[in-house]
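Reader: I am new to this structure and would like to learn how to read its features one at a time. Could we start with a single residue and then step back to the whole?

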Amino acid sequence: MSARPTFDAYAADYQHKFNDNFLGKYQRARLHEEITPFLAPGLKILDVGCGPGSDFQFYHSQGVAVEALDISPAMVDLATEKAAALGLDATVHCQDFQTFTSSESYSFIILNFGVINAIADLQTALKQLNKMLAENGTLLIVSMPPFHLFSLLGFFWRGKFREALQRVNGRYAVLPNGFRFQYYRQKDFRSFFRLKKRIHLCPLLPNPDQYHPDRFSGKLTSHLIKLDRSLATRLPDWCGGDHIGYFFGKK
Ligand SMILES: C[S@@+](CC[C@H](N)C(=O)[O-])C[C@H]1O[C@@H](n2cnc3c(N)ncnc32)[C@H](O)[C@@H]1O
């Protein structure tokens, strides 16, 4: 199964499942804080794999213009509707990033929340991003890394030892429909880019899928989130998280 039908199937439920989820919101808000210094009103940014326009409200609040693309027609429909509803200055293309060409270069490019993990030919994708990034520009890749404490605990809890090993060692996962995700970390990007900043999201907390709040876990999470926040920019890369945000510049 390819990326297009896989993400078409996610589209209807995406907002509810990931963006309205407490931990999903926390991760996105934390990233937005870090992104803000790189943006300025009128700047044109490129959002690769924009999904249903998850960051459009934020872009609108920053006054930036947006070129966005996504491989999934269902996601593009949602993103186009959202841009129109917000009055966001945006063009949304239904396009595979790997065949996207543009005469422009961008000062800020974002691949948010696991877009990169859907891309198997990483080196070609990085080459493409390097071409599109302006000389002093910033590229933000938010990647699911091989190590995430709670995902591994979840595998162990369910007796899925092979899947755990596959994620940490093989660095991939296969969805029930056969689509394969890759798990990437900092060293996978270093051939083209130099790191400006790294932010670990939920290294000590579950992922949005695992979070089903009751009184106990809600309380525990509200305490752990403070620790998670304060550790976010200080951990070594291998400590992982649900996602890691890598801010890169050109080498
Ligand atoms: C996990 S979602 C993230 C969506 C959004 N960036 C966000 O922050 O919520 C990954 C998105 O990447 C898109 N995608 C995957 N492979 C792609 C490709 N080769 N070109 C363009 N978009 C792609 C999917 O359709 C999906 O909408």
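Author: Let us begin with A120, bearing in mind that this is a predicted model. A residue counts as exposed when its relative accessible area is over 50%, and A120, at 64% relative accessibility, therefore counts as exposed.

Reader: Where does A120 lie with respect to the helices and strands?

Author: A120 lies in a loop, namely the one that runs between strand β4 (106–111) and helix α5 (122–132).

Reader: Which residues does A120 touch, if one leaves out residues up to four places away in sequence?

Author: With those left out, A120 touches Q182 and Y184. A separation along the chain can also be set beside a distance in space: A120 and A83 are 37 residues apart along the chain, and their C-alpha atoms are separated by 29 Å.

Reader: Is E34 buried or exposed?

Author: The cut-off to keep in mind here is that buried means under 20% relative accessible area; E34 has a relative accessible area of 12%, so this residue is buried. E34 lies in helix α2, which covers residues 22–35.

Reader: Which side chains make polar contacts with the side chain of E34?

Author: One partner is the side chain of R30, at 2.8 Å, and another is the side chain of K197, where the polar contact is also 2.8 Å. When residues up to four places away in sequence are not counted, E34 touches K197, I199 and F247.

Reader: Turning to the whole protein, how many helices and strands make up its secondary structure?

Author: The secondary structure comes to eight helices and nine strands. As for burial, 51% of the 251 residues of the protein count as buried.

Reader: What does the radius of gyration say about the protein?

Author: The general idea is to compare the value with that of a compact globule of 251 residues, which would have a radius of gyration near 18 Å; the protein has 17 Å, which agrees. Along its principal axes, the C-alpha trace spans about 50 × 35 × 35 Å.

Reader: How much of the contact pattern comes from residues 24 or more positions apart?

Author: Among the contacts with a separation of 6 or more, such residues account for 76%.

Reader: What can be said of the surface and the charges?

Author: The protein exposes about 12000 Å², of which carbon and sulfur atoms supply 56%. There are 29 positive and 23 negative charges, and the mean positions of these two groups are 9 Å apart.

Technical notes
Residues are numbered from 1 along each chain as its sequence is written. This is a predicted model: local features need pLDDT of at least 70, side-chain atom pairs count only at pLDDT 80 or more; totals for chains, interfaces and linings use all residues. Side-chain values use heavy atoms; hydrogens and water are left out. Helices (H or I, at least four residues) and strands (E, at least two) are DSSP runs, numbered from the N terminus. The radius of gyration is taken over C-alpha atoms; the globule rule is 2.2 Å times the number of residues to the power 0.38. Buried means under 20% relative accessible area, exposed over 50%, partly exposed in between (1.4 Å probe, protein chains only). Contact means heavy atoms within 4.5 Å. Accessible areas come from the Shrake-Rupley method with a 1.4 Å probe; for residues, only the protein chains shown count as cover. Lys and Arg count as positive and Asp and Glu as negative; His and the chain ends are not counted. The place of a charge is taken as NZ of Lys, CZ of Arg, CG of Asp or CD of Glu. A polar contact is a pair of N or O atoms within 3.5 Å; within protein, one must be able to donate a hydrogen and the other to accept it, and residues adjacent in sequence count only if both atoms are side-chain atoms.
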